[in-house]
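Student: I would like a close look at one chain of this model. Please take me through how it is put together, then what it touches.

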Amino acid sequence: MATNSAAGSSGRIWVVEEGERRSPGIIHVVMMALFIGIGIVVGTLGSLAIPIGFVSAFWPGQAVQAVGSIWFGAWGVIAGMFFPFISNAMSGSAPIPVSAAYLPANFIQGFLAVAAFKLLKGDPRLLTARDWTIWVVFGVLVANFVGAFWGTYVLSWFGLITDQARIPALLGWTFGNSIPSLIFGSILLKYVTPMVIRSKAFVKGWWA
Amino acid sequence: MARSEFAKKTLLGIVPADSPFYAFHPVTRLAFLFVLSVTPMFIDRPEINLAIIAMTFGLFWWGRVRMSDLKKYRLLLVTVALFMFIVAYLAPGDKAQLTPVRLVGLTLYWEPMRWAFVSYVRLMAMLFGAILYFSTNRERDVLVGLRTLRLPFQVSYVAGLSLRSAGMFMEDFATIREAEQARALDLDALSLREKVKLYTMYTVPLFAVALRRADEISAALYARGYTLSGRPGTGGKRTDYLRDKSVLRVRDWVVSFGLLGTFVVIAIVSRTTGVFSIQASPLIGFVEQLLGIG
Amino acid sequence: MNAIELSGVTWRYEHAKEPALVDVDLAIPEGEFVLVIGPNEAGKTTLVSAIKGLIPNSITGVLKGDVLVFGERVESIKPPVLAKQIGFVFADPESQFTALTVEEEIVFGLENVGWPRETIGKRVEWAARITGVEDLLDKPPYDISGGQKQRVAIASVIAMQPRILILDEPTAMIDPLGKDLVVRICAELKNDHDMTIVVVEHNIEAFAPLADKVVMVNEGRVERVAPPREIFRDLDYLLARDVHPPQVSQVFGRLRERGLYRGELPLSDEEGFASWRTLPEGAAR
């Protein structure tokens with residue numbers, strides 16, 4: 001029964017109710033800044049815990065990118081794009097030019113998750129099997145695959161891996177990052193989303 | 001007196017309480033960051049990048065950075081090197097076109113190994129440039145530097161708030177960990193699965209705290225008259241008091257232009273001549289001779 | 001002229017069932033020092049948040065009635081203009097810090113309001129001197145003691161020299177020495193700068209002698225508004241609501257019950273000593 005009613009509510013979370021006024025405000029800017037801060041902490045600690053440098057594997061930062069984008073729309077996407085600059089520098093994972101080249105991947109890793117949830121009307125509280133599928137397929141696997149595709153291209157472009165190593169690096173990166181994204185991201189969506197959607201910072205559209 | 005007694009903790013790490021770097025305007029220090037972390041991209045010759053690393057370490061010393069604080073990067077240096085050389089060994093490329101070398105019972109291919117070495121040295125040169133910057137600049141210096149480059153106030157303000165919130169979350173994280181340890185939690189005794197679970201459970205309250213803080217901070221910003229546009233109540237241009245307090249002196253102009261000029265020259269020479277190429281490297285040539293290649 | 005005027009104000013927070021403020025009418029003339037007291041969860045912070053316009057501009061919920069600041073509806077005043085009219089010091093000083101150094105923290109509001117560089121410099125100097133934070137300007141605001149944080153929070157607000165200053169439990173999170181300093185700052189602002197000051201405080205003892213008027217809030221309603229001597233005369237009423245008047249007032253209240261004292265209840269230790277001398281011999285026993 002619970003599942004049925006939940007299925008019925010899936011996707012309605014994104015609908016702006018009649019009379020509901022939503023506009024970008026200071027709270028969104030603040031939340032973006034706080035999320036960059038969280039990303040710096042999570043990203044740096046993740047990189048220092050498993051210090052394999054510029055190659056991303058078992059990096060929990062992707063979960064922050066995806067979940068932040070789902071909760072806070074474009075503000076979360078922007079936060080996810082920029083926090084790796086600082087976390088990479090602090091952990092010594094990647095120099096600034098490499099971090100800059102990762103920018104499109106960081107954009108994709110957040111954007112794909114939120115776009116999938118909004119377009120496919122998934123509920124970020126992960127109430128139904130459908131919500132889980134959207135999350136795992138787009139928020140975790142596809143997002144990490146596309147991010148890794150770009151990331152490994154950047155690495156070979158900078159000469160940090162050989163061209164022949166791109167495929168194994170791509171697979172290692174995709175699945176290596178998917179594990180923490182899946183565990184960490186799922187827990188955040190499941191347990192923190194109910195709090196987030198009650199807050200003023202939650203974004204139903206793209207900016208508010 | 002030991003250097004450590006003069007260190008100051010910042011959100012980004014530890015900086016010396018006093019350093020010759022502080023005599024320079026923050027924007028000049030940004031020029032240091034830019035040049036040190038981007039120049040190696042134009043240089044393949046490892047001995048030049050090694051010289052840049054040596055120079056960076058000289059700057060660490062000159063800047064009175066506590067060298068023991070750099071120890072945390074040791075493991076990273078080793079793992080990155082291992083990763084790069086293992087990748088070059090396992091996935092060398094088209095073997096028919098490569099030069100095999102027998103070394104300690106293994107068949108390696110010289111070109112990918114050489115490239116891994118060259119790239120590793122370059123990467124380290126770039127990384128230590130960034131580490132030097134964060135070891136000699138407080139968050140305020142970063143912001144003043146960015147604002148001097150006319151970055152919009154809102155952007156630099158978000159950057160400052162982000163750094164501040166990173167510090168807050170690190171403190172929260174440390175508090176939660178201390179509380180766990182006070183309750184006799186032995187991290188070493190935990191399995192990897194348990195550690196992952198624990199790490200995740202640490203972070204859920206951090207997110208909950210973030211939501212509360214977002215409300216508090218936005219209320220505080222409203223209370224002090226901040227608007228989304230960042231424009232002042234008078235409608236004119238916003239005064240940037242801190243930026244205006246830092247004055248660019250002659251030495252800042254000289255050093256900044258000197259650094260950027262050097263960078264431009266290196267970039268042009270790199271693109272137009274082979275001076276910085278691997279082929280011009282005596283070090284690589286020496287190793288090739290040693291291995292009987294070429 | 002009234003600096004603050006509330007008429008028929010009722011406020012319910014989003015997701016709450018009961019209103020936090022119920023039909024509040026209150027007028028505070030310019031230049032008065034007002035102490036807001038009441039038990040926990042009485043609605044004191046909600047009341048001052050409504051005066052500052054945080055309700056409904058920054059906090060969501062349902063508002064009825066009018067809040068006027070110098071005759072203008074608070075909702076319609078732009079934040080930078082309102083910041084010049086009303087300064088607000090939050091209960092947790094750290095929650096209001098958004099900058100990386102104390103100096104930047106103080107400067108932030110001044111830049112928002114739109115002051116030129118020279119004025120900002122003078123205001124920073126003035127606010128830092130009054131609050132005694134001159135030596136902290138270069139330090140991060142999160143890396144100083146609790147008392148220092150509170151003084152920085154006050155400095156960052158009074159630097160704007162608002163016509164109305166609201167302090168929400170300014171001594172709740174600090175040590176006794178820090179509390180004395182905050183009280184001293186408030187006294188200086190009242191005496192030398194003619195600000196309208198509204199203080200929400202449980203530590204009634206320290207602020208009662210400064211107050212021109214006390215506002216008693218209970219269960220979302222303003223139950224009494226009167227000069228402190230009048231409010232603290234009714235000890236039973238206050239104690240029944242878990243509000244503790246100054247110790248010295250309570251002591252003399254008991255003496256009055258026993259018929260040993262007939263004068264006004266003292267509010268401060270100094271007044272207590274003076275009243276003590278008027279007691280009949282043997283009353284202390």
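Tutor: Here is a walk through chain C, from its overall build to its sheets and then its contacts.

Keep in mind that this is a predicted model.

Start with the whole chain. Chain C has 13 helices and 10 strands. Its C-alpha atoms fill a box of roughly 65 × 45 × 35 Å along the principal axes. How does the radius of gyration of chain C fit that of a compact globule? For 285 residues, a compact globule would come out near 19 Å, and chain C has 20 Å, so the two agree. Of the 285 residues, 50% count as buried. Now look at contacts within the chain between residues at least 6 apart in sequence. Of these, 65% join residues at least 24 apart.

Next, the domains. Chain C splits into domain 1, residues 2-245, and domain 2, residues 246-285. The centres of these two domains of chain C are 32 Å apart, taken over C-alpha atoms. Their contact takes 10 residues from domain 1 of chain C and 9 residues from domain 2 of chain C. On the domain 1 side, two elements of chain C give two or more residues: α9 (204-207) and α10 (228-231). By class, that side of domain 1 has 7 nonpolar residues, no polar ones and 3 charged ones.

Now the sheets. Begin with the one built from 4 strands of chain C. It is open, its order is β2-β1-β4-β5, and its pairing is antiparallel. The edges are β2 (21-29) and β5 (72-73) of chain C, each of which pairs on one side only. Inside the sheet, find β1 (residues 2-13) and β4 (residues 61-69) of chain C. They run antiparallel and are joined by 8 bridges. One pair to find on screen is Y13(C) with its bridge partner G61(C) in β4(C).

Move to the sheet with 6 strands. This one is open too, with the order β6-β7-β8-β3-β9-β10 in chain C. Its pairing is mixed. The edge strands are β6 (86-89) and β10 (221-226) of chain C; each pairs on one side only. On average, neighbouring strands of this sheet are turned by 15 degrees against each other, direction ignored.

Which way do β3 and β9 of chain C run, parallel or antiparallel? Strand β3 (residues 33-37) and strand β9 (residues 213-218) of chain C run parallel, with 4 bridges between them. Here L35(C) stands opposite V214(C) in β9(C). A helix also packs on this sheet. It is α7 (residues 146-158) of chain C, and it touches β6 and β7 (164-168) of chain C. The direction of this helix makes about 170 degrees with that of β6(C).

Stay with β9(C) and follow it to the edge. β9(C) and β10(C) pair in the antiparallel sense over 5 bridges. V214(C) turns up again here, standing opposite A226(C) in β10(C). So V214(C) has L35(C) opposite it in one pairing and A226(C) in the other. The hairpin of β9(C) and β10(C) has 2 residues between the strands. In this hairpin E219(C) takes a positive phi near 50 degrees.

Finally, look outward. Chain C touches chain B, and the contact takes 33 residues from chain C and 29 residues from chain B. Five helices of chain C each supply at least two residues of its side: α2 (54-57), α3 (79-85), α4 (93-96), α5 (102-113) and α6 (117-131). Which of them gives the most? It is α5(C), with 7 residues. The side of chain C that touches chain B has 18 nonpolar, 9 polar and 6 charged residues.

Chain B has a further partner, chain A. There, 51 residues of chain B are in contact with 44 residues of chain A. On the side of chain B, the largest share comes from α7(B), with 15 residues. By class, this side of chain B has 41 nonpolar, 9 polar and 1 charged residues.

Terms used
Residues are numbered from 1 along each chain as its sequence is written. Chains are lettered from A and ligands numbered from 1 in the order in which they are written. This is a predicted model: local features need pLDDT of at least 70, side-chain atom pairs count only at pLDDT 80 or more; totals for chains, interfaces and linings use all residues. Domain bounds come from an automatic or database domain assignment. Two residues are in contact if their C-beta atoms, placed from the backbone, lie within 7 Å. Ala, Val, Leu, Ile, Met, Phe, Trp, Tyr, Cys and Pro count as nonpolar, Asp, Glu, Lys and Arg as charged, and the others, Gly among them, as polar. Two strands pair if DSSP finds at least two bridges between them. Axes are lines fitted to C-alpha atoms, for helices over the stretch in contact, and angles run from 0 to 180 degrees between N-to-C directions. The radius of gyration is taken over C-alpha atoms; the globule rule is 2.2 Å times the number of residues to the power 0.38. A residue is buried if 20 or more other C-beta atoms lie within 10 Å of its own, exposed if 12 or fewer, and partly exposed in between; C-beta atoms are placed from the backbone.
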